[in-house]
Amino acid sequence: MTGERIGGSPPRAGGIGRVTGLQEYVADIRLPGALQAKLVTLPCARARIVSVDKSAAEKVPGVRLILSASDLPQPVPRFGPQFTDRPVLAVEETKYHGEPVALVAAEDKDAAEEGARRVRVEYEELPAVFTLAGALAPDAPLVQDPSLRPKDPLARTNVLREHRVEWGDLSSAHADVVVENTYTFPMVTHFAIEPHAFLAAPEGDGIAIWSSIQHPNWLQKILSRLLGLPLSKVRVYAPDPGGAFGGKQHAKLEPAVAFAALRTQRPVRLVLSLEQTFQAVRRAASEVHVRTGLLRDGKLVFQDIRADYLIGAYVDIADRVVGKGSYPAAGPYNVPSVRIRARGVLSHTTPSTAFRGFGNPQVNWAVESNLDEGARVLGMDRLELRLRNLARKGDRFIPFDTPADGEWEQTVKKAAERIGWATPLPPGRGRGITVGIKSGPTTGLSYSIVRLLADGSAVVFSGTSDMGQGARTVLAQIAAQELGTPVDAVTVVMGDTAVVPYDQQTSASRSTVLMGNSVLKACRSIQAQLRAMAARLHAVPEDQVAVERGLVRLPGRELPVLEVLKPGLGNLGGELIGVGEARKEAEPGHPLGGAPAFFEFNCTAIEAAVDEGTGDITIVKHVTVSDVGKALNPLQVTMQDEGAAIQGLGHTLMEHYIFDGRGRIRNLGAIDYRIPTSLDLPLELHSESVENMDGPGPYGSKGMSEGALLCVAAAVAAAVREATGATLRDLPLTPERLWRALRDRR
Amino acid sequence: MSEKIPIEFSVNGQRRAVEVAAHHTLLEVLRDDLHLTGTKECCLVGECGACTVMLNGRTVDSCLVLAVEADGGEVMTVEGLAADGRLSPLQRAFLEKGAVQCGFCTPGVLMSAFALLGENPHPSLAEVQDGLAGNLCRCACYQQIAEAIRAAAGERER
Amino acid sequence: MHPFSYARPERLAEAVDLLLKHGPDARILAGGTDLILRIRDGTLTPRLVIDVKRIPELCSGIREERGRLMIGANTVMTDVAAHPLVRHHFQALSEAAAVVGAVQIRNRATLAGNICNASPAADTAPPLLVYGAVVVAEGAEGTRRFPLDEFFVRSGVTTLRRGELVSAVELLIPARRMGAVHLRRTRRRGHDLASVTLCCGVDQAGMARLAYGSVGPRPLLRSDETGVLADPRGQETAKAAVLERMFAEAAPSKTSMRASPEYRLAMLRVLGSRAVRTAIERLAQGGAR
């Protein structure tokens with residue numbers, strides 16, 4: 001076997017298209033006769049729609065359709081992964097700044113733009129809640145219609161749901177030291193470089209949709225219901241997204257575009273501006289109150305965590321974010337008594353959705369920072385404190401749940417060594433070391449089909465979305481490894497529900513494990529067929545034939561797969577087809593619906609310097625180490641880890657939505673929403689992996705790609721605290737905020 | 001007011017004649033009229049660099065250039081990098097060094113990298129970071145991008 | 001974008017005529033890095049856009065002429081930053097031009113356009129003021145030359161008359177050596193709009209000039225002829241007092257989301273004292289790269 005397959009880093013599949021500009025993203029797809037669409041939105045956070053006057057817009061030459069709520073089936077269809085709450089277009093009220101009121105479709109973009117400008121919406125601005133305090137106030141206007149939660153005592157509040165996790169006995173827990181603080185995490189947006197784009201076209205007696213959706217089958221299901229079409233008549237094409245990070249998991253404007261296409265009987269294309277994309281997706285903001293109890297020797301006694309997540313006007317997947325994100329909030333430690341109360345609080349803001357880390361970064365920021373404060377009060381080294389409490393492999397650190405599944409202290413020690421934790425700190429500098437944990441998928445279902453073709457090349461059909469993480473390449477590597485095919489002779493077909501079998505979703509860093517196992521199983525099926533073929537050809541009992549890693553082993557000899565396949569297929573030719581199913585069933589009664597398949601574990605260590613005059617933070621050294629089981633493609637693992645680390649620096653140092661007093665976002669667009677550029681990198685950034693082959697995925701792999709983002713903020717704040725004595729509990733740590741904290745520290 | 005103005009310019013060495021509205025940007029004309037969709041639309045305010053092309057020998061954000069301004073000029077897009085269908089050393093280096101993740105920023109990054117190496121054949125790391133500062137990458141493969149550029153320039157990696 | 005008409009005059013007189021005729025309904029298009037943005041976001045709605053890039057009189061580039069450095073109106077930031085004469089005599093201007101946006105912006109944005117856009121945060125304004133730049137404007141009544149300090153009124157507004165356009169910016173090559181530096185405050189290290197811009201220059205005669213922007217409707221120029229600021233052995237407290245006087249008119253926006261007024265005023269002082277120190281060092285080192 002060559003080093004190019006598992007454990008090697010072959011050129012990424014789909015790379016050539018990306019460097020030549022030939023890769024087609026949704027916005028690049030041209031359908032003849034397509035109408036161009038533009039949205040009509042209102043310049044306020046919340047408004048009652050009094051009337052929508054289309055008459056002026058209809059007169060613009062080239063305008064073919066102006067679709068608003070009144071043009072849709074009544075009552076207006078609604079959708080959403082958790083609540084069927086989001087209307088296809090705003091009904092009677094817009095509930096967040098940018099909620100689409102109408103869609104104008106015209107022969108060209110200019111006409112659509114002019115048409116959208118001329119739609120006259122008469123509206124009445126309504127008071128909006130866009131902060132936790134505002135949403136939780138006793139007389140706060142309700143964001144969600146209470147009839148959506150008929151039996152819920154919370155239905156007449158903006159609290160969507162409270163999730164509780166408890167074990168041990170908080171009331172009787174005795175601690176020598178108790179540290180209690182509140183930490184806030186801002187609203188941030190994904191800012192994938194590809195803004196959202198959607199295309200729909202009638203196709204025969206059905207419809208075809210193009211969307212950079214991470215979950216094509218989920219979208220297919222939603223559209224099938226909304227349009228009243230069988231699944232087989234809804235074809236979802238999911239071209240590789242130009243970045244997603246969770247923001248493209250769930251349906252947003254596909255239904256509206258689909259209705260427009262069916263109404264006009266023409267393809268309809270809608271490409272959002274970057275500003276509209278910021279209005280469409282974000283991460284949940286949070287306020288987390290942590291009370292940590294420790295003994296004098298550093299042992300954790302209890303964690304009492306109250307996390308309020310500010311979610312948006314429609315639930316999207318936010319409730320799941322709150323529940324799953326807060327579940328391991330006590331951290332990868334053995335803590336005798338834990339109480340976690342996490343609430344999703346609705347607001348008149350952009351619906352928050354999945355975003356790398358899925359609710360964990362928010363609590364991690366609070367809990368790790370609070371642990372550091374505990375260490376300071378105890379006069380104990382922060383690394384030592386963590387090692388003293390860190391769960392060891394096999395520990396049921398969350399009782400009755402998946403035990404700690406990695407040698408986590410190995411990851412921590414590696415990071416500590418790399419940052420030089422034990423070495424003297426240069427003057428004016430500070431260090432931080434933190435850990436992060438995230439639950440992997442709790443349920444899952446991934447099918448794949450693998451076809452071994454007559455010349456030994458192979459095709460893999462997989463519903464995973466390759467949004468930059470390189471899933472295509474990894475799946476090709478697995479097939480190559482198992483079938484003996486060179487990696488570059490494996491074609492991976494994704495993103496077409498008419499051709500590719502069912503995959504539940506691409507999220508939770510699951511694809512290497514779930515889809516990977518599915519492809520592995522499909523390959524095993526082909527291997528079984530090869531065994532039968534070899535047994536027949538060489539008149540040997542099947543149980544004496546083994547097929548692995550591209551070789552067929554018979555008594556006394558070894559043959560490459562091709563030397564069995566060709567004669568085996570004979571004159572009729574043909575191919576071998578394998579179907580793989582990777583299934584993780586739900587566990588009723590488990591608070592998350594199932595125990596996590598694995599944990600992502602990361603340790604981040606930071607060394608920073610601060611310019612006390614201006615508040616500028618320089619990340620001198622950033623070390624990130626992740627426990628990955630097996631790096632199927634080491635280069636891609638590094639790319640994901642470094643990418644996640646830098647993205648984490650974004651919300652740590654510079655990213656946040658800025659609102660005005662009426663709930664409108666002021667900093668829409670790239671000029672005033674700052675993300676890290678090539679000049680904002682740490683002076684040194686090192687990523688490393690720990691590989692103990694102890695994951696549930698192929699070859700002992702675990703999922704990865706979110707871990708390196710989880711604990712960046714706490715590590716940076718810890719380094720700043722050591723360097724300056726200033727404690728910050730609110731992100732982002734902008735120069736101005738640090739300057740204020742430095743000034744106030746005296 | 002949306003009268004069409006005839007313009008002529010060369011794109012990737014090929015002479016193109018097209019009629020454009022004054023308010024259509026070079027980005028729009030490249031993508032919508034000439035069907036060269038390699039150059040991408042993102043921020044449309046000259047911040048992200050996804051729309052970077054070479055105009056008369058210099059990189060520009062094509063979202064801020066009117067198509068009419070390119071009249072008589074020379075434009076180079078990502079589609080012009082591979083000569084005779086063979087990847088350039090720069091493109092190959094990007095693939096080898098993992099400088100491509102989702103790929104949406106890649107065309108713009110490649111144009112900036114191409115321009116940088118054209119003016120500074122052996123850039124230091126700092127010069128690379130500065131030269132690429134106008135190209136946002138949210139997947140954040142900045143380090144791999146820098147390695148790829150320096151590899152293409154024949155430098156040793158850090 | 002709202003549609004508009006486009007003209008591309010090939011003679012200066014033609015451009016002037018169009019400006020006279022259309023007044024505020026016409027806007028000049030040089031680099032487009034401000035204009036296109038503002039048309040797209042609707043803050044400007046010209047009926048006519050006048051592309052001046054092919055007017056020969058504006059394409060003179062950077063030339064030395066009778067003791068002055070002439071920077072033609074169509075000169076872009078990349079060229080301003082890199083020109084050996086700018087680097088040698090006007091180091092702070094080179095520094096400022098080098099941080100206007102990123103490479104792609106600098107390849108289009110013109111120096112003239114930067115001052116005509118008249119943003120209080122214009123990066124090149126403080127160094128141009130410190131170096132005593134002169135605006136050369138052409139109009140129906142011929143050529144006008146006046147100090148840049150008389151050019152800025154407030155955000156987006158200059159003293160250009162109807163029918164006038166800037167044809168060049170002139171810098172007198174100083175008889176006395178000057179050490180100067182340009183500093184700014186941004187929200188990240190990557191390209192950003194500045195929330196404070198500042199330039200300080202000191203010369204061999206002990207004169208200090210300091211200009212700053214983004215803390216009021218227009219960039220301001222102040223000077224200290226007492227020699228206190230420029231004195232390498234001067235006391236920090238004495239210098240701070242001089243700086244305080246210089247900053248007295250700073251009036252930062254209360255509604256800006258980039259930085260609070262408090263922070264801007266504090267940073268003015270931090271950058272001010274750092275700029276003074278660096279300017280003195282540079283003068284001692286030779287005042288040039």
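Which residues of the largest nonpolar core touch the most other members? In this predicted model, the answer is a group of four, Val104(A), Ala479(A), Val716(A) and Val720(A), within a core of 389 residues. A core of this kind fits a broader pattern: in soluble globular proteins, nonpolar side chains tend to be buried together. Take Val104(A) as a starting point for looking around. Once its neighbours within four places in sequence are set aside, Val104(A) is in contact with Ala37(A), Lys38(A), Val40(A), Ala57(A), Val63(A) and Ile66(A), and also with Ala112(A), Gly115(A), Ala116(A) and Val119(A).

From here, let us step back to the layout of chain A. The domain assignment splits chain A into three domains, each put together from separate stretches of sequence. Domain 1 of chain A joins 15-22 to 444-584, domain 2 combines 32-126, 193-243 and 247-280, and domain 3 pairs 285-441 with 590-744. Taken over C-alpha atoms, the centres of domain 2 of chain A and domain 3 of chain A are separated by 36 Å. These two domains meet through 22 residues from domain 2 of chain A and 22 residues from domain 3 of chain A. On the domain 2 side, helix 7 (residues 274-280) of chain A makes the largest contribution, five residues. The residues on that side are nine nonpolar, eight polar and five charged.

Two elements of chain A reward a closer look. The first to visit is helix 14 (residues 562-569) of chain A, where the buried residues are Val564(A), Leu565(A) and Gly568(A). Why do they fall on the same side of helix 14 of chain A? The reason is that they cover an arc of only 100° around the axis. Among the elements that cover these buried residues are strand 19 (444-452), helix 13 (514-538), strand 23 (551-554) and strand 24 (557-560) of chain A. Follow the chain just beyond helix 14 of chain A and you reach Gly570(A), which takes a positive phi of about 70°.

Next comes strand 21 (residues 490-493) of chain A. Its covered face holds Val490(A) and Val492(A), while Thr491(A) and Val493(A) make up the uncovered one. The general rule behind such a pattern is that in a regular strand the side chains alternate between the two faces of the sheet. Strand 21 of chain A runs parallel to strand 20 (residues 458-462) of chain A, and four bridges join the two. Within this pairing, Val459(A) has Thr491(A) of strand 21 of chain A as its bridge partner.

Now for the partners of chain A. The contact between chain B and chain A takes 42 residues from each chain. On chain B, helix 2 (89-96), helix 3 (106-119), helix 4 (125-131) and helix 5 (142-152) each supply at least two residues to the side that touches chain A. Helix 2 of chain B gives the most to that side, with four residues. By class, the side of chain B that touches chain A has 24 nonpolar, 12 polar and six charged residues.

Chain B itself is assigned two domains, domain 1 (4-80) and domain 2 (89-152). Their C-alpha centres lie 21 Å apart, and 13 residues of domain 1 of chain B are in contact with 11 residues of domain 2 of chain B. On the domain 1 side, strand 3 (52-55) and strand 4 (58-61) of chain B are the elements that give two or more residues. Strand 3 of chain B gives the most there, with three residues. That side of domain 1 of chain B divides into six nonpolar, five polar and two charged residues.

Chain C also touches chain A, with 14 residues of chain C in contact with 15 residues of chain A. Helix 10 (residues 261-285) of chain C gives the most to the chain C side, with three residues. By class, that side has six nonpolar, three polar and five charged residues.

Finally, look inside chain C, which is divided into domain 1 (5-51), domain 2 (59-172) and domain 3 (180-285). The C-alpha centres of domain 1 of chain C and domain 2 of chain C lie 19 Å apart. Where they meet, 12 residues of domain 1 of chain C are in contact with 17 residues of domain 2 of chain C. Helix 1 (residues 12-22) of chain C provides the largest share of the domain 1 side, five residues.

Note on methods
Residues are numbered from 1 along each chain as its sequence is written. Chains are lettered from A and ligands numbered from 1 in the order in which they are written. This is a predicted model: local features need pLDDT of at least 70, side-chain atom pairs count only at pLDDT 80 or more; totals for chains, interfaces and linings use all residues. Two residues are in contact if their C-beta atoms, placed from the backbone, lie within 7 Å. Ala, Val, Leu, Ile, Met, Phe, Trp, Tyr, Cys and Pro count as nonpolar, Asp, Glu, Lys and Arg as charged, and the others, Gly among them, as polar. A residue is buried if 20 or more other C-beta atoms lie within 10 Å of its own, exposed if 12 or fewer, and partly exposed in between; C-beta atoms are placed from the backbone. The arc is that of the directions from the helix axis to the C-beta atoms. A nonpolar core is a set of buried Ala, Val, Leu, Ile, Met, Phe, Trp, Tyr and Cys residues joined through C-beta atoms within 7 Å. Domain bounds come from an automatic or database domain assignment. Two strands pair if DSSP finds at least two bridges between them.
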